[in-house]
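Please look over the model shown here before reading on. The dialogue that comes after it is meant for someone who has not met this structure.

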Amino acid sequence: MTSATGAACKIFQFQDVKSSPDPVFEAKKECLHPSPAPIVVDNGSFQTRAGWACSGEEFACPRLQFKSVAARSRGAARSETQVGNDIPNLEPLRWLLKSQFDRNVVVNFEIQELMLDYIFVHLGVETEGNVEHPLVLTEAPCNPLHCRQMMSELLFECYGVPQVAYGVDSLFSFYNNNTQCGLKPPHTGLVISSGYHCSHVLPFINGRLDAFNCKRVNIGGSHTAAYMQRLLQLKYPAHQAAITPSRMEELLHHHCYVAVDYQQELEKWRSAEFYEEEVHRMQLPFSGKVAGVFASVEERQERRVQQLRRLEELNNRHREERLQQDQERLDTLLAVQELMEEGAVEQFHRRLMELNMDSAEELQSYIHKLSLSLEQHRLARVEITELEQPLDEGDGVNQTEADLGEESAQIENVDKIQPVFNMAEYHQLFVGTERLRAPEVLFRPSLIGEEQMGLLETLQFVLEQYSPEQQALMAENVFLTGGNLMYPGVKERVERELLAMRPFQSHFKVVSLASRPDLDAWFGAREWALRNPVGSEGWISRQDYEEKGGEYLSEHCASNISPNMRISKPTQRANEVSLSFTEQSQDINTAISVDIDVLPDSDSGTLGTVLSQ
């Protein structure tokens with residue numbers, strides 16, 4: 001995560017990166033001969049990485065990197081499932097997304113099988129019959145035995161892999177960085193890792209993980225992204241739909257940082273100058289102008305004139321239609337009056353009844369009213385046409401220019417009072433204190449309502465479980481890894497907290513972040529597979545799986561610790577109690593002789609038994 005720096009008020013664009021489908025690679029000759037090369041899979045809860053454990057520059061990086069999610073609608077066939085990079089945009093399908101993880105532990109092995117199918121197919125591995133390549137797979141610290149059993153059953157029974165090696169992702173990263181630095185094993189140190197769903201503090205003593213004192217904090221990248229989304233949605237309720245989890249992850253990766261002193265940093269943000277320099281304006285996409293709301297003063301004025309002209313035309317049309325109707329009615333009444341003048345009395349009375357009139361006087365009254373109304377409308381129309389005639393040159397032109405000057409002056413005054421609305425600025429997110437408040441969740445889970453220790457409080461608790469000599473050794477090699485610790489300022493924050501919790505004048509050293517915290521686990525697993533050939537310590541064969549069960553773990557420097565299944569010996573008191581109970585039961589058996597006679601039961605008609613002593 002790199003902090004985006006630049007000029008004051010610099011505007012940043014959301015990348016909205018859409019993934020493209022992964023190509024289907026062909027397995028190289030180096031991966032097949034002289035023996036099948038191991039496949040290294042970093043099975044992360046946020047992203048899965050897979051590649052070959054072969055020497056050479058072309059195999060130095062993972063071939064596949066994709067989100068650990070699958071999308072399949074209800075009732076769809078297995079072949080219609082989209083996995084990883086086959087999903088170009090996660091947001092429309094987010095309600096369909098499924099993962100194989102519950103926090104950081106694999107529990108949904110149907111989805112895990114889809115992930116492995118995707119890896120084998122795109123790496124060009126033949127899966128007909130069985131997979132001939134050994135597999136190096138990462139797992140969670142202190143992984144439950146049942147989960148490892150199910151994973152081993154999937155790999156050996158479904159895919160028929162010859163060898164499997166399990167290791168902890170953060171310990172593989174620790175192993176890789178110690179190897180690059182030239183440190184000789186056994187290593188001792190303290191590993192702090194933070195992933196997508198949770199974080200861990202792992203003590204590492206004499207080349208082995210101390211599983212008894214490992215601690216997990218149920219805060220990770222998903223919680224920081226959700227907190228960032230909640231903060232911005234409360235700040236910008238009009239843009240809730242545009243504030244998506246994917247964009248919040250992008251904000252965390254490129255624009256957030258960890259404050260060395262949280263309260264002091266918040267005080268800096270109170271300054272207006274500091275805010276203008278450090279705020280990041282994120283531009284949301286928008287399309288054109290919304291009609292009728294965000295127009296300039298000139299456009300609003302022109303639109304108002306057009307609306308008035310349209311209303312006037314509409315009124316004139318209605319007036320003409322009314323005049324035409326009145327003229328037609330007047331013509332009809334005059335035709336009836338002509339019938340009376342011609343002496344057609346019967347027709348005249350019939351037409352009066354059709355017009356709902358009682359007498360000739362009423363007819364004359366209607367004719368008089370309509371004639372007056374039509375005459376008034378004609379006179380009004382003549383006056384309007386005279387007013388609409390073009391003005392003569394001279395005073396009229398000067399008056400028109402004066403009116404235009406007054407209108408332009410009024411528009412300028414309005415512009416000074418009401419600034420023009422900037423639609424682009426309306427669609428900007430001003431990310432200020434949110435840049436440090438979201439990552440602070442790692443150290444203060446109470447910000448999101450979680451009642452648990454923060455990452456550095458957990459670090460202090462773990463150190464207190466050891467003697468002062470062991471604490472000094474571990475404090476000399478504090479290692480930070482994980483995709484959720486890529487914020488600028490994390491190393492300085494951990495150093496400050498360690499300085500406060502360690503004794504006066506004691507030495508400690510934060511070895512710094514992993515070189516590439518998000519990929520170092522895969523690099524470490526590949527380095528381990530190159531240095532430990534198949535069949536050596538750390539590999540589990542199919543014979544081991546069949547003889548020792550799916551829970552079996554072959555330990556190595558980056559693995560979990562298999563629990564010791566010790567059967568405690570019975571105490572002397574328990575031996576005495578069991579012996580007396582055995583003697584007593586033997587005495588009872590010899591003292592009581594039981595004779596069983598079978599007799600017919602008179603009540604039920606069945607056979608009954610009689611015990612006699």
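What follows is a dialogue between a learner and a teacher on how to read some features of this model.

Q: What kind of model is this, and how are residues numbered?

A: This is a predicted model, in which local features need pLDDT of at least 70 and side-chain atom pairs count only at pLDDT 80 or more, while totals for chains, interfaces and linings use all residues. Residues are numbered from 1 along each chain as its sequence is written, and side-chain values use heavy atoms, with hydrogens and water left out.

Q: How many disulfides does a search of the whole structure find?

A: A disulfide is a covalent bond between the sulfur atoms of two cysteines. The criterion used here is a pair of cysteine sulfur atoms within 2.5 Å. The search of the whole structure finds 0 disulfides. Cys31 is in none, and its nearest cysteine sulfur, that of Cys54, is 3.9 Å away.

Q: Is Cys31 buried or exposed, and what of Cys158?

A: Relative accessible area decides this: buried means under 20%, exposed over 50%, and partly exposed in between (1.4 Å probe, protein chains only). Cys31 has a value of 0% and is buried, whereas Cys158, with 40%, is partly exposed.

Q: How is the order of strands in an open sheet read?

A: Strands of a sheet pair through backbone hydrogen bonds, either parallel or antiparallel. Two strands pair if DSSP finds at least two bridges between them; strands (E, at least two residues) and helices (H or I, at least four) are DSSP runs numbered from the N terminus. One open sheet of 3 strands has the order 6-5-7, with antiparallel pairing. Its edge strands, strand 6 (82-83) and strand 7 (97-98), each pair on one side only. Strand 5 (residues 70-71) is joined to strand 6 by 2 bridges, and Ala71 has Gln82 of strand 6 as its bridge partner.

Q: Which strands are joined to strand 13 by bridges?

A: Strand 12 (residues 189-194) is joined to strand 13 by 6 antiparallel bridges, and the two form a hairpin with 4 residues between them. Within this pairing, the partner of Ser193 is His200. Strand 13 also runs antiparallel to strand 15 (residues 215-217), with 3 bridges, where Ser199 is partnered by Val217. Strand 14 (residues 208-209) is joined to strand 13 by 2 bridges, again antiparallel, and Ile205 stands opposite Arg208 there. The hairpin of strand 13 and strand 14 has 2 residues between the strands, and in it Asn206 takes a positive phi near 50°.

Q: Why is strand 13 described as largely enclosed?

A: Of the 7 residues of strand 13 (residues 199-205), 6 are buried, so the rest of the structure largely encloses this strand.

Q: How far apart are the end C-alpha atoms of helix 4, and what covers its buried residues?

A: The expected span of a helix is 1.5 Å times one less than its number of residues. Helix 4 (residues 221-235) has 15 residues and should span 21 Å, and its end C-alpha atoms are 21 Å apart, which agrees. Its buried residues include Gly221, Ala225, Met228 and Leu232. Contact means heavy atoms within 4.5 Å, and what covers the buried residues of helix 4 includes helix 5 (245-255), strand 17 (428-431) and helix 13 (434-437).

Q: How many salt bridges are found, and which residues do they join?

A: Side chains of opposite charge can pair when their charged atoms come close. A salt bridge is counted when a side-chain nitrogen of Lys or Arg is within 4 Å of a carboxyl oxygen of Asp or Glu. The search of the whole structure finds 20 salt bridges. In one of them, Arg247 meets Asp16 (2.9 Å, N to O). This pair links distant parts of the chain, with Arg247 in helix 5 and Asp16 in the loop between strand 1 (11-13) and strand 2 (39-43), 231 residues apart. Arg247 counts as buried at 12% relative accessibility, and Asp16 as partly exposed at 33%.

In another, Lys235 meets Glu434 (3.5 Å, N to O). Lys235 lies in helix 4 and Glu434 in helix 13, so the pair ties together parts that are 199 residues apart in sequence. Lys235 is partly exposed at 35%, while Glu434 is buried at 6%.

Q: Which residues share salt-bridge partners in one network?

A: Arg444 and Glu440 form a salt bridge, with their closest N and O atoms 3.3 Å apart. Salt bridges with shared partners join Asp261, Glu440, Arg444, Arg493, Arg496 and Glu497 into one network. Within it, Glu440 is buried at 0% relative accessibility, and Arg444 is partly exposed at 31%.
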